[in-house]
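Q: I am new to this structure and would like a close look at one part of it. Could you take me through a single pairing of side chains, then show me how it fits into the rest of the chain?

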Amino acid sequence: MAIIKTDVLDKSYFWVQWSQNSQSIENNSTTINWSCGFNPGRQYYLNAIKMNAVTINGVEVYSGGTYSNITDYQDRTFASGTLKIAHTSDGSKSFTISGFSGWIYESGTTYASSQTFTLPTIPRASSVSCSAANIGSNATISISRVSSDFAHTLTYSFGSLSDTIAMKTSSTSISWTLPTTFYAQIPNSKNGAGTITCQTYNGSTLIGTKTCSFVATANEAISKPTLSPTVADSNTATTALTGDSAKFIKYYSNASVVTGAKARNSATLKSQKIVCGAKSISGASGTISAVESGSFTFSATDSRGYTTTQTANKTLIEYVKLTCSMEAGAPTTAGVATLKISGNYFNGSFGKVANTLTVQYRYKTQGGSYGSWTTATATKSGNTYSANISISGLNYLNAYVFQVRAIDKLATVNSNEQTRKTTPVFDWSKDD
């Protein structure tokens, strides 16, 4: 309760007081109780007191009056009532009790200055919140309102997009599907922030507006790049042996590879890579020469940073690299030299064609020319082979150069040349 008094005159004064009665959230108003009167400091008789008009918040609530027979020294109330005061649109309100005065017989007029009072703010615009969600999925918009009579219009803005979600809805929980057009607003980001605007209405009257932010995410599962990889052997020599471009021969097949990558939901491709064993290609396609693995890993990364990886496993024929080594012996005095040959080779089938092995040797006198290659018989065991060759008809006085080679379906490997000459043993004595 608040009271305003005039100046004290003849030990007496006039007063106006008020107190809050009630507030209406729906109508955005406060009703106050008011009263006005006189506090006597002595006895007053016929037509001795006059109080002038009282105005509250611009409304004259009391027009004034003349009073007498105030002889008991007791406080007098001349008028009382209630006044409904409308608040501003944001729920706040200050009001003024205008200056007033009173007249006392033989003493004169006494005055009270205007005073302004602030009423408690009435809650107005409803608060709003929105859950985060994936684009194309549902977000929940929650509204906290102060009156069940309130309705709400909801709109959104996201990037350059804006639209209406609901018009004057009475619901306080609204399921909203984030439009797929949001993807184009965040082509280089995994998520983005938008704004929900909530306008609160009481009937046709706009009470207030509040906003909240929300986060929209490009769901990785449906936004990351897709891959449609292809792998084929582009070496005609190896495909002739396997009969199938989807099969590969270790060390010899050349893999022609393509990622087949595509970006989705307004993103763009930023990088692509293909890996086979220790070899790789940065790009959408290319050739990996002399493959050493049948496992091909394809990856693509988009402008949002999402990456897709896919592995294609192909049949790899474990070809054993052909080797050939030789140990040559010097010709004996009988003109016979021995060659010991050994090496590794692939003892199996490529698919369409089985591998073969041919071992050959040749020799020449030092400083001379080689003769033709002569085929020898090799003994095979698993993926190894060996051969012992005896060459006769040599002159032990000459130095000879020997060489061997091995041939299979993919390679020809020559051994190192070795030069050998017989060194006779002499026995010198007194009779020789």
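A: Let's start with glutamate 327 and arginine 420, which form a salt bridge in this predicted model. Their closest N and O atoms are 3.6 Å apart, and the cut-off for a salt bridge is 4 Å, so the pair counts as one. In sequence the two partners are distant: glutamate 327 sits in strand 30 and arginine 420 in strand 38, which covers residues 418-421, and 93 residues separate them. In general, side chains of opposite charge can pair when their charged atoms come close.

How covered are the two partners? Glutamate 327 has a relative accessibility of 45% and is classed as partly exposed. Arginine 420 is also partly exposed, at 24%. Buried would require a value under 20%, so neither partner falls in that class.

By the same rule, the count of salt bridges comes to 4. One of them joins glutamate 318 and lysine 250, with 3.2 Å from N to O. This pair, too, links distant parts of the chain, as its residues are 68 apart. Glutamate 318 belongs to the loop between strand 29 (315-317) and strand 30 (325-328), while lysine 250 is in the loop between strand 22 (247-249) and strand 23. Strand 30 is therefore a handy landmark, because glutamate 327 lies in it and the loop holding glutamate 318 leads up to it. The two ends of this second bridge differ in cover: glutamate 318 is partly exposed at 46%, but lysine 250, at 16%, is buried.

Another salt bridge brings together the side chains of aspartate 72 and arginine 76, at 2.9 Å from N to O. Here aspartate 72 is partly exposed, with 36% relative accessibility, and arginine 76 is partly exposed as well, with 22%.

Now let's step back to the charges of the whole chain. There are 33 positive and 22 negative side chains, and the centres of these two sets lie 9 Å apart.

The setting for these pairs is a chain with 2 helices and 38 strands. Its radius of gyration is 54 Å, well over the 22 Å that the globule rule gives for 432 residues, so the chain is more spread out than a compact globule. Along the principal axes, its C-alpha atoms fill a box of roughly 185 × 55 × 30 Å.

Links across the sequence also show up in the contacts. If you take contacts between residues at least 6 apart in sequence, 64% of them join residues at least 24 apart. As for cover, buried residues make up 39% of the 432 in the chain. The chain exposes about 21600 Å², of which carbon and sulfur atoms supply 44%.

Two loop residues are worth a visit before you finish. Aspartate 10 lies in the loop between strand 1 (2-5) and strand 2 (13-24), and its phi is near 55 degrees, a positive value in a residue other than glycine. Aspartate 10 is partly exposed, at 26%. Serine 266 also has a positive phi, near 75 degrees. You will find serine 266 in the loop between strand 23 (255-258) and strand 24 (269-276), where it is partly exposed at 39%.

Definitions and conventions:
Residues numbered from 1 in each chain as written. Predicted model: local features only at pLDDT ≥ 70, side-chain atom pairs only at ≥ 80, totals over all residues. Heavy atoms only, no water. Helix = DSSP H or I, 4+ residues; strand = E, 2+ residues; numbered from the N terminus. Rg over C-alpha atoms; globule rule 2.2 N^0.38 Å. Buried < 20%, exposed > 50% of the residue type's maximum accessible area, 1.4 Å probe, protein only. Contact = heavy atoms within 4.5 Å. Areas by Shrake-Rupley, 256 points an atom, 1.4 Å probe, with all protein chains shown as cover. Lys, Arg positive; Asp, Glu negative; His and termini not counted. Charge placed at Lys NZ, Arg CZ, Asp CG, Glu CD.
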